[in-house]
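Q: I have a structure open in front of me and would like to learn how to read its inside. Could you take me through it?

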Amino acid sequence: MKAIAYQKFGNSNVLQTVEQPKPTINSNQVLVKVKAFSINPMDWKIRKGEMKLMSGSKFPKNTAADFAGIVTEAGSSVNGFKIGDEVFGVVKDMMKEGASAEYVAVPASLIWKKPSTVNFFQAASIPVVGTAALTALQKMGKIDSGTTILVNGATGGFGMFLLQLLKQRGAKVTAVTSNKGVEFAKKWGADTVIDYSKENVLLSKLTYDIVIDLSGKMGYKSARQIMKPKSIFLNPTPKPIEIPGSILKNLFTGKKHIVLLSSPSLKHTNVLLNAVMGGLDIEVNKVFPFTQYKEAYQYAEKGGYIGKVVVEIN
């Protein structure tokens, strides 16, 4: 089968199309013919070697974590899935595995039936950023109509889910986005929208209970100036050194730096499925054919787009 792999750390040019054996499955696994996989920032963080303490340096490596497709085989102990089911899911260990192939073998506990209301491209966009958004909500603690939240970089895939889930909680949300993201941020539930090309939120006199930086460009040090004395900064794109460092610093300040680490689970995905069935919007910005996967990663890494970027496998 065709797959995307790389033999060394680097930019998108290290990605190659390779021939690999079709995976064989264990009794608790399913084999899925992949129809689409989505692109996440963690893909290129791993590929560039930024996460090598967790990913290791053994090659070849595949890329992509979440996918959608059709079940072609089911293990003897698998219940609830059969050949022909349309599903979406995520690989078991995104640090060491990848979904960028014609077929992927995963535990049945990490796939879910695709709702008929979404297509394969939308379904492949759900697990990683959807789970991250739910994890962010949990880290925020008790939030209500009096909670002020700033979401920086609010209209990518993560922000798309987070804004809509925050709207359900009734929080007072300010979204920072590009000019082309303003209307999407409003649609997804932001009370106030700031176009970063026209206004620097760091120069505002307003302060917030919670600041979450989805762009990876603000950082805790800068965010402190717009945080209340007792508040939290959520960091979903930490450098490895920030993970232990934030724990130590939090002992001495009321402005907490919280690192977000998440992994999809049945509980998370059931919540997401209910939200999707309830009309949650999933915006797929662009779908690239498999032959243009390098262009897809280059496009995604530039940022500035709305929603998710997906690669289709015919």
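A: Gladly! Keep in mind that this is a predicted model. Let's begin with burial: of the 314 residues of the protein chain, 52% count as buried.

Q: What is the radius of gyration of the protein chain, and what would a compact globule have?
A: The chain has 19 Å, and a compact globule with 314 residues would have a radius of gyration near 20 Å, so the two agree. Along its principal axes, the C-alpha trace spans about 60 × 40 × 35 Å.

Q: How many helices and strands are there in the chain?
A: You will find 10 helices and 16 strands. As for how the chain comes together, 69% of the contacts with a separation of 6 or more are between residues 24 or more positions apart.

Q: How should I read the nonpolar core, and which residues have the most contacts inside the largest one?
A: The general idea is that in soluble globular proteins, nonpolar side chains tend to be buried together. Here the largest nonpolar core has 86 residues, and Val151, Phe158 and Leu162 have the most contacts inside it. Helix 4 (residues 127-140) gives the most to this core, contributing 8 residues.

Q: Which residues does Phe158 touch?
A: Leaving aside residues up to four places away in sequence, Phe158 touches Val129, Ala132, Ala133, Ala136, Ile212, Leu214, Pro236 and Leu260. There is also a second, separate core of 12 residues, with Ile194, Met218, Tyr220 and Ala223 among them.

Q: Now for empty space: how many cavities of 30 Å³ or more are there?
A: The general idea is that rolling a probe the size of a water molecule over the atoms shows where empty space is left. In this model the count comes to 1 cavity of 30 Å³ or more, and the largest cavity has a volume of about 70 Å³. Its lining includes Tyr6, Asp43, Ile46, Asn62, Met94 and Glu97. Helix 1 (41-47) and strand 4 (61-62) are the elements that give two or more residues to that lining. By type, the lining residues of this cavity divide into 6 nonpolar, 2 polar and 4 charged.

Q: And what lines the second largest pocket?
A: That pocket holds about 410 Å³ of space. Its lining has 21 residues, and Asn62, Lys96, Glu97, Gly98 and Ala105 lie nearest its centre. Strand 7 (103-107) gives the most to this lining, with 4 residues, while strand 4 also supplies at least two. The pocket lining divides into 10 nonpolar, 6 polar and 5 charged residues.

Notes. Residues numbered from 1 in each chain as written. Predicted model: local features only at pLDDT ≥ 70, side-chain atom pairs only at ≥ 80, totals over all residues. Heavy atoms only, no water. Core = buried A, V, L, I, M, F, W, Y, C linked by side-chain atoms within 4.5 Å. Buried < 20%, exposed > 50% of the residue type's maximum accessible area, 1.4 Å probe, protein only. Contact = heavy atoms within 4.5 Å. 1 Å grid on protein atoms, 1.4 Å probe; cavity = no way out; pocket = protein on both sides within 12 Å on 5 of 7 lines; lining within 4 Å. Points joined across faces, edges and corners; volume = space filled by probe spheres on them. Nonpolar A, V, L, I, M, F, W, Y, C, P; charged D, E, K, R; others polar. Rg over C-alpha atoms; globule rule 2.2 N^0.38 Å.
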